[in-house]
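Hi there,

Here is the structure I promised to pass on to you. Have a look at it first, and then read my notes below.

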Amino acid sequence: MPMPQGEVIFRRFELGDADDVWHLHRAASEDGGVRGPEGAWEDDLRAILEVYIKPGGDFLLAHIGPRLVAMGGLKAVDADVAQLKRMRVDPAFRRRGFGRRLLRELESRAVAAGFKRIVLDTTMIQLGAQRLYEIADYVRCREGTLHGYAVIFYEKRLADEAGALHLAK
């Protein structure tokens with residue numbers, strides 16, 4: 001199948017996107033070696049409006065033409081903190097900067113929503129994700145286990161004490 005060509009369009013999730021989001025999640029997770037059996041740990045993807053958008057977060061999709069190539073969410077933890085979740089890039093589109101661009105867009109939206117800090121976790125085996133976050137100035141806070149996977153917890157302050165923004169490069 002030829003690769004879609006054209007401009008990347010970022011937009012907020014809509015209900016009609018649910019199947020495409022689910023398929024990208026499963027394909028990217030399998031390709032990354034972190035696809036487990038379907039379970040409660042994925043319930044947020046069946047309720048994106050309720051889990052991400054209505055409580056003050058966001059869930060973005062990146063399209064090239066009709067094809068969903070990347071996605072990611074901001075889940076409000078409290079008034080100051082958002083959790084970055086479900087960052088996925090279609091395996092056929094990896095290593096082309098889509099993750100970096102999506103991260104930058106999510107950070108910009110986090111700042112616009114008033115969040116001061118982003119927290120996230122990624123598995124130890126997802127080296128590309130670790131590089132993405134570390135290049136974007138996320139700081140490793142600790143290691144732990146989630147859903148049976150060894151994970152690294154990261155955080156990033158979006159603005160310093162003087163109010164200068166620190167968004168992904």
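This is a predicted model. A good place to begin is helix H4 (residues 127–135): its buried residues are covered by elements that include strand E4 (81–89), helix H3 (98–112), strand E5 (117–123), strand E6 (139–146) and strand E7 (149–157).

Which residues of H4 are buried? They are Ala 129, Gln 130 and Tyr 133. These residues lie on the same side of H4, because they cover an arc of only 100° around the axis. After H4 comes Asp 137, which has a positive phi, near 75°.

Next, the aromatic rings. The count comes to five aromatic pairs. One of them joins Phe 93 and Phe 98: the ring centres are 5.8 Å apart and the planes are at 70°, so this pair is edge-to-face. Phe 93 is buried, with a relative accessible area of 1%, and Phe 98 is buried too, at 7%.

Tyr 133, which you met in H4, pairs with Tyr 138. Their ring centres lie 5.7 Å apart with the planes at 65°, so this pair is edge-to-face as well. The relative accessible area is 6% for Tyr 133, which is buried, and 4% for Tyr 138, also buried. Elsewhere, Phe 13, Tyr 52 and Phe 59 make up one aromatic cluster.

Finally, look for charges over rings. The charged end of Arg 46 sits over the ring of Trp 22, 3.7 Å from its centre. Arg 142 lies over the face of Phe 153, with 3.8 Å to the ring centre.

Enjoy exploring!

Conventions: Residues are numbered from 1 along each chain as its sequence is written. This is a predicted model: local features need pLDDT of at least 70, side-chain atom pairs count only at pLDDT 80 or more; totals for chains, interfaces and linings use all residues. Side-chain values use heavy atoms; hydrogens and water are left out. Buried means under 20% relative accessible area, exposed over 50%, partly exposed in between (1.4 Å probe, protein chains only). Helices (H or I, at least four residues) and strands (E, at least two) are DSSP runs, numbered from the N terminus. The arc is that of the directions from the helix axis to the C-beta atoms. Contact means heavy atoms within 4.5 Å. Rings of Phe, Tyr and Trp (its six-membered ring) pair if their centres lie within 6.5 Å; planes under 30 degrees apart count as stacked, over 60 as edge-to-face and the rest as tilted. A charge sits over a ring if NZ of Lys or CZ of Arg is within 6 Å of the ring centre and within 35 degrees of the ring normal.
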